[in-house]
Amino acid sequence: MAGESNIRTALSNPAGWQSLLSFSILALAYLAAFSSRLFAVIRFESIIHEFDPWFNYRSTHHLVNYGFYNFLNWFDERAWYPLGRIVGGTVYPGLMVTAGTIHWLLNSLHITVHIRDVCVFLAPTFSGLTSIATYLLTKELWSQGAGLLAACFIAIVPGYISRSVAGSYDNEGIAIFALLFTYFLWVKSVKTGSIFWAGCTALAYFYMVSAWGGYVYIINLIPLHVFVLLLMGRFSYRIFVAYCAFFILGLLLSMQIPFVGFQPIRTSEHMASAGVFALLIAYGFLKYLHTHLSSLTKSEMRSLFFFAVAASAAAVLMAVVYLTYAGYVAPWSGRFYSLYDTGYAKIHIPIIASVSEHQPTTWVSFFFDLHVLVCTFPAGVWFCIKKINDERVFIVLYAISASYFAGVMVRLMLTLTPVVCILSAIAFSNVLERYLVDDTPKVHHIEDESEDDEEGDKRNKSKDLYDKAGKVRKIRHEPSGEPESLGGNVKTIVVMAVMMILMMFAVHCTWVTSNAYSSPSVVLASYNHDGSRNILDDFREAYYWLRQNTDDHSRVMSWWDYGYQIAGMANRTTLVDNNTWNNSHIALVGKAMSSNETRAYEIMKALDVDYVLVIFGGVIGYSGDDINKFLWMVRIAEGEHPKEIREGDYFTPQGEFRVDKAGSKTLLNCLMYKLCYYRFGEMQLDFRTPPGFDRTRNVEIGNKDISFQHLEEAYTTEHWLVRIYKVKKQDNRVRLDHTVRKTDIKPKTKFTSRKSGKRKRGFIKNKMLIKKGKRPSSKNKKPSRKTSSKK
Amino acid sequence: MATSQANVFTVVSKFYDEYVTTTPQRLKIIDAYLAYIMLTGIFQFGYCLLVGTFPFNSFLSGFISCVASFVLAVCLRVQVNPQNRKDFLHISPERAFADFVFAHIILHLVVMNFIG
């Protein structure tokens, strides 16, 4: 009997069931997050995707092979050929160190995983951790039910998946986890006011600084939160302790990363946090004085207090402005200034403007990446504003700023996604709480909602309100007639509608992940009419040809998009790569690509180039090839060499960019054109189209007989996607420009010697004939003039 | 003008009297520690102005160490002050001190790394 009642009490322990349920839901969310990102690995193979991850993989490889200190001090002479790159000081090491640590840990347990597999699967692992961090954050902000919903949302939402599929080994994979974990710890610090949580926030902030350049967002959002709390009159000593401890420890920790260096005290992006720190200390001190000087009149004190606070705020602002003008503090850098003034980058920094991820966001992207969450997100903001407290101010500010930034740049949809998930979860949780509550006066409810404990409390409260308020309550519930039955039906309908919306959300997310965000972009795949798959592996084919058939020290020139891939897969020295830190060097390469062959050869000789690599999509209709990017090359080159390269020269007189016969002569004779279309004029892909028909531009090319003087074709891949040319050395004998003088003219007349019989050498001329015994005759004795002169 | 000056003086002297009489012993110890830290910080900054900022990371680590010790001690004082009890319901003075020590461990480890 006693045992039975024990079991019964154990089984009916709601807190126990609640924690078991939340644990299993979180575990399922982790699994969903991990497996939803594996499409590319299953369809293709475990390979690093895209461009930037190849550099991260190469650095991690270096870290694992040579150790941590050699990685921090690495000077890479195989990138940016004559200049080299100081990798230790220009990279955020968090990603590499995380992967290296996991690799070291697993290998020391004798689970011998290759570093490539650790890198490929790092992002899905951390996305599972992100959903746990989102759960913790939302639990602090609202309730446990909302937290579970938020965890499930962020596990599968496409906005986050796009940057964290398996194989996308990039900073954002771990940065979003660090961001949400830092925010969770900050909200916890604000709620408790303990230095311990503030210290933990600083440590999580340090991890975020090491992981991503977007840490600037944290160090501006948290001071903004404190400032808005001050403006709202919600100052309390908890915020004082939390922010001051976090700021000073976070400042010192953030300067440990070599890439960040002394920026936190020297650039405008970090000045907001320092300003708010000074303001908060001034405010706290004045409040302390206020409590001590309560002997004076209250109103006098209050006005003095306000005046003092305003004066100190003005003083802080003046100091920051003065320092910026005096040059001690650098102004906003181009990357962040272009978020404020969106037209700035197109004019001044064309490289930033040319990246496709930096374009403004379209409405389609919002729905594509967030589905129904973007509709319920404002509802969540409204709920947070209605029941405002210190931490909900933070999430509202996060929502507003993230919405603005996501509208400016497609890439920043990623920072909007977590807050949309959190606020939509709050909205959905509110709806479900209201409509899953059963107002009938029963005690046990074995329904399958997760908010058991809170539901019980709310039910009791609403029952009390119902009883206490009496008449008022009755009038309100009058139109619904019998409150139990009709209310029950309406509630069921609403709950079912919400469930259907959520199921459609899950289906949409999986469909988007499968179709749009799971391509490795190193390997292209197309599907035939019968559904079978046709794989185009040209990129890797070309890179491996380079790796196996060229000298180890040869230099490859290509456009900067492919630099990291060439360095990673082909292991050859490149001239420019995706880091784009040196605009002039890229402009030189752009100038070489846009000039005619002779001028380009001079530049290539000066840069010691051995091979040139171009991407050409005309045979298969690939639209991301170099001819489509060519105008950006011209623009970037024109930015540095405006006298030699003019963008207008490459357009027709009517202003079109055409590669057929009507194209401009400069375009038809430039190096990029020749490299792409060499021998293409003889190729007929289809009997309906003429030879030399470019499938991407859908025109027949203009200049078909192309010959090179200084280059020769080294390799073209199977579908003509990648073309590699070798730069020939200078000739041993330089051909002269003027006509060569002929030295082999045969004379028209035959030469006869003037030395006849009587005039040959060795013959005495006019020799006297002497017969012995006879007198020499006088008639032969005619002295010739010549004989006498010879004597 | 004379009255406002008199006002300022009376305010300051009143403040000093009130401070000496009403603050508990613990807070006075923390205040003495704060004054010492502030002096150290002023000396460091003065030295930097005299000699220059050559190993800038060393100067920064030393100066920020002073500022951080000052700030953490101020936070401790705020948490331990019995007047602020209602703000810090779940933090006893012992817990506040333990947090203070934890933050100082982090601080000094980072300072040791940064000092170069």
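Trainee: Where is Phe44(A) found?

Mentor: Phe44(A) sits in the loop between α3 (39-43) and α4 of chain A. Helices (H or I, at least four residues) and strands (E, at least two) are DSSP runs, numbered from the N terminus. Keep in mind that this is a predicted model, where local features need pLDDT of at least 70, side-chain atom pairs count only at pLDDT 80 or more, and totals for chains, interfaces and linings use all residues. Residues are numbered from 1 along each chain as its sequence is written, chains are lettered from A and ligands numbered from 1 in the order in which they are written, and side-chain values use heavy atoms, with hydrogens and water left out.

Trainee: Okay, and what does Phe44(A) touch?

Mentor: Leaving aside residues up to four places away in sequence, Phe44(A) touches Ser518(A), Pro520(A), Val523(A), Ala525(A), Arg533(A) and Ile535(A). Contact here means heavy atoms within 4.5 Å.

Trainee: What separates the C-alpha atoms of Phe44(A) and Asp610(A)?

Mentor: 33 Å, with their positions 566 residues apart along the chain.

Trainee: New topic. How many salt bridges does the structure hold?

Mentor: There are 32 over all chains. A salt bridge is a side-chain nitrogen of Lys or Arg within 4 Å of a carboxyl oxygen of Asp or Glu. One of them joins Asp76(A) and Arg58(A), at 3.1 Å, N to O.

Trainee: Which parts does that pair tie together?

Mentor: Asp76(A) is in strand β1 (residues 75-76) and Arg58(A) in helix α4 (residues 52-66), so the pair ties together parts 18 residues apart in sequence.

Trainee: Are those two buried or exposed?

Mentor: Asp76(A) is buried, and so is Arg58(A). Buried means under 20% relative accessible area, exposed over 50%, partly exposed in between (1.4 Å probe, protein chains only).

Trainee: What about Glu597(A), which residue does its side chain meet in a salt bridge?

Mentor: Lys674(A), at 3.6 Å, N to O. Glu597(A) lies in helix α29 (residues 597-606) and Lys674(A) in helix α32 (residues 671-677), so this pair ties together parts 77 residues apart in sequence. Glu597(A) counts as buried because its relative accessibility is 6%, and Lys674(A) is buried too, with a relative accessible area of 13%.

Trainee: Which residues are linked in a network of salt bridges?

Mentor: Glu140(A), Lys188(A), Lys191(A) and Glu391(A).

Trainee: Last one: where does UniProt place the STT3/PglB/AglB core domain?

Mentor: The unreviewed UniProt entry puts it at residues 555-612 of chain A. UniProt positions follow the numbering used here, feature names are shortened, and annotations may be inferred rather than shown by experiment. Over residues 555-612 the chain is 52% helix and 12% strand, and the end C-alpha atoms are 9 Å apart.
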